[in-house]
Amino acid sequence: MIEVWHLIIGNPVLNVLIALSHILAGEFGLAIIALTIIVRLISWPLTKRQLNSSKALQDMQPKIQELQKKYGKNKQKLQQEMTKLYKEAGINPLGCLWPMLIQFPIWIALYQAIMRALATTPENLLGLAHRLYSWDMVNQAIPLISKFLWLDLGQPDPYWILAIIVGGTMWVQQKMTQAPAVDPGQQSTSRMMLLMMPLMFGFLTLMFPSGLALYWAVSNIIGIITQYFFTGGWGYLKFRSPFQSTQ
Amino acid sequence: MKQPKILFLVVIALLSLTLVSCISGSARLAKGWAGTAVHEGIIYVGTADGRVVTINSSTENLEWSYSIAPVTAPSSGLACGSTSASTAIYGTPVVDRDIVYIGIYSGQVLALNKLARSQNLTFPQQRYGEWEWDCPIDNAKSNAIVADLLVSEDALYVSSSNGRVYSLDKEFGDLNWESKILDEKHGNLWTSPVIQGDTLYVSTFDGHIYALSLETGELLDWFFESEAGFDSSPVIDGDTIFLGSFDRYLYAIKIGSDVPMWKFPEEKPAGNWFWASPIVNEGIVYAGCLDGKVYAIEAKTGGKLWEFDAGNPIVSSPVLMDNLLIVTNESGTVYIFDLSAELEDEAVPLKAISIGADVRSSFCAQEGLVYIRGEDNWIYVVDIDRGGVSWKVPLTIEE
């Protein structure tokens, strides 16, 4: 099972990352950024679907407000009508989370690739020999340089800068894409998730190698830019929930 | 209900990421692969639990053992925490008269006196010429010592992960000179230096061979630059340096030249890196490769004389004993080649002996016996004539 994982995901990610490092003047940090862009390009169909969904939700806000006014006192009915409305429009209000979930295998592979590629111990370096393809550019890039800007990509950022960037960009991206919940019960969960995820990732950034955190930060920034241009604005970042206005 | 469900999935996924990081974090611990040295019937070796051990090869008994203080391994990944671990030893002990020198992964060089250690006196006993030298940490770069130490008539030479080469006084451990070879950005120095005349040659992971004055450590004018990094320590025969590279070629470089004399294989690269240093004997280079093959190459031309597929990666350097070439593969099979016989393109070993344990460390051979430390932390003594393991002894202390 582990060998299958390495064959299908682990080794390709590792080798592509090292090859990119060779192309980008031996800068492993730039290789991680390039890989992030590639992953985002590959997952574009999924992202596009999610963005469409998000845009449609924004366009639907007047109708939602109308329903709000109409069924404001009957929460159950309001919930039913909202669900019906989403269904008719073919929207999943939580669709924004799926691209993130699908990226988990990439994160794990990337984490392993960073630790393997940087080969901090002789055992790691020897082990790396058995995972490399015979491409010239891969073998010529070994061993990699772990320094990038102020970071040692194999270690967590000691200055917390990356943690703040990861947490901050994740909050902005989520805020832009996450439609306001209709049900007050869901609203609290939604609010909790909006805060919990950036906090959790900010915390993880303090624990994991900064190479992985760099991937998260760049991925979030790309997500924000894409969202901005695709939907033509800051989305729900500026939008106030109808509940907030009525409560 | 969907939001809590997704939240649950996110938490599960993050936990699995954490678990993976923790498992691979522990795999990142340096364990060491110390090699064996034999001197006057005594086997010297570093163990996996951070000790230097001597075994009498006649009685097969432990002579003395010195425990190196454990180190605190840094945490990696969530919830892993820091752990106390044995000091890893990668180098082979070097015996010079009564002193055993060894470099260790926690950045020290130890000079142990055989007599003081056999009496279990407190280390260091300066009246016996014992000392400990701490390699400095340079710009937050590790001071770990991975390469074998080099001992000359007058001094001891140390390559450190911090990118510097040090010359130490053999008697007192005082610093004679230090020379910065690699800056903080360009990796570790895990290869051993080699002496030719009054010059010290060092190969680096960033693809250079530097020449240093043996007396002052000053970098001399000549250096060699390659596109790929050098993974093995250099070996010198006459005025030619032989060493392996990460680009899967073995290089022969004439000192003073800036183009390689030849690189092997001629056409396409080998199946993997030439990790172990080659050896040269009577105009023939013998090199083990991580692709599992042993190659015999003409030193002048780089032409292949013969090869043998050992089936498993060759991590340890080959060893010569009289007319016998001894090679071990990673899975612990010892191959003996008779060099006096005419070996064809596809060589056939005289003997193949399995010790039943993985082998990554360097080994030595004397008087028909091969001394190998297995990755299971046992010493195996292989009798070539008998074609099997003559005796073996565990290096682990029983609880």
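What pLDDT does chain B average, and what share of the residues score at least 70? Chain B of this predicted model averages a pLDDT of 90, and 89% of the residues in the chain reach a score of at least 70. For the model as a whole, the scores are an ipTM of 0.89 and a pTM of 0.84.

The two chains may be introduced by their secondary structure. Chain A contains 13 helices and two strands, whereas chain B contains two helices and 34 strands. Of the 247 residues of chain A, 44% count as buried, while in chain B, with its 399 residues, the buried ones make up 48%. The contacts within each chain can also be described by separation in sequence. In chain A, 79% of the contacts between residues at least 6 apart join residues that are at least 24 apart; in chain B, residues 24 or more positions apart account for 43% of the contacts with a separation of 6 or more.

Within chain A, one helix pair serves as a starting point. Helix α7, residues 104-118 of chain A, packs with helix α12, residues 210-231 of chain A, at an angle of about 140°, and the two axes are 9 Å apart. The crossing that α7(A) makes with α12(A) is right-handed. On the α7(A) side the contact involves W107(A), L110(A), Y111(A) and I114(A), and these meet G211(A), L212(A) and Y215(A) of α12(A). Sorted by character, the residues of this contact comprise six nonpolar and one polar, with no charged residue.

Further along chain A, the backbone shows two features that can be set against a general background. Most residues other than glycine have a negative phi, and most peptide bonds are trans. Against this, the peptide bond from I142(A) to P143(A) is cis, its omega being near -5°, and P143(A) lies in the loop that runs between α9 (136-140) and β1 (147-148) of chain A. The next loop to consider, between β1 and β2 (151-152) of chain A, holds L149(A), which is not a glycine and nevertheless has a positive phi of about 55°. Is L149(A) buried or exposed? With 12 other C-beta atoms within 10 Å, L149(A) is exposed, since a residue counts as exposed if that number is 12 or fewer.

Chain B offers backbone features of a similar kind. A cis peptide bond, with omega of about -5°, joins F123(B) and P124(B); P124(B) is found in the loop between α2 (114-118) and β10 (131-134) of chain B. R97(B), a residue other than glycine, has a positive phi near 55° and is found in the loop between β7 (94-96) and β8 (99-103) of chain B. R97(B) counts as exposed, because it has 10 C-beta neighbours inside 10 Å.

The strands of chain B can be followed through an open sheet of four strands, which has the order β11-β12-β13-β14 and antiparallel pairing. Which strands stand at the edges? The edge positions are taken by β11 (150-151) and β14 (175-180) of chain B, each of which has a single partner strand, so that one side of each is left without a neighbour in the sheet. The partnership of β11(B) with strand β12, residues 155-159 of chain B, is antiparallel and runs over two bridges, and within it V151(B) has L156(B) in β12(B) as its bridge partner.

Another group of strands in chain B centres, for this description, on β21. Strand β20, residues 240-244 of chain B, pairs with β21(B) in the antiparallel sense over five bridges, and I253(B) in β21(B) is the bridge partner of I241(B). These two strands, β20(B) and β21(B), form a hairpin with five residues between them, and in its turn R248(B) has a positive phi of about 75°. β21(B) also pairs with strand β22, residues 262-264 of chain B, in the antiparallel sense over three bridges, and there A252(B) stands opposite W262(B) in β22(B). Why is strand β21 of chain B largely enclosed by the rest of the structure? Four of the five residues of β21, residues 250-254 of chain B, are buried, and therefore the strand is largely enclosed.

Notes. Residues numbered from 1 in each chain as written. Chains lettered and ligands numbered in written order. Predicted model: local features only at pLDDT ≥ 70, side-chain atom pairs only at ≥ 80, totals over all residues. Axes fitted to C-alpha atoms, helices over the stretch in contact; angles between N-to-C directions. Left-handed = near helix turned anticlockwise from the far one by under 90°. Contact = placed C-beta atoms within 7 Å. Nonpolar A, V, L, I, M, F, W, Y, C, P; charged D, E, K, R; others polar. pLDDT = per-residue confidence, 0-100. Buried ≥ 20, exposed ≤ 12 C-beta atoms within 10 Å, placed from the backbone. Pairing = 2+ DSSP bridges.
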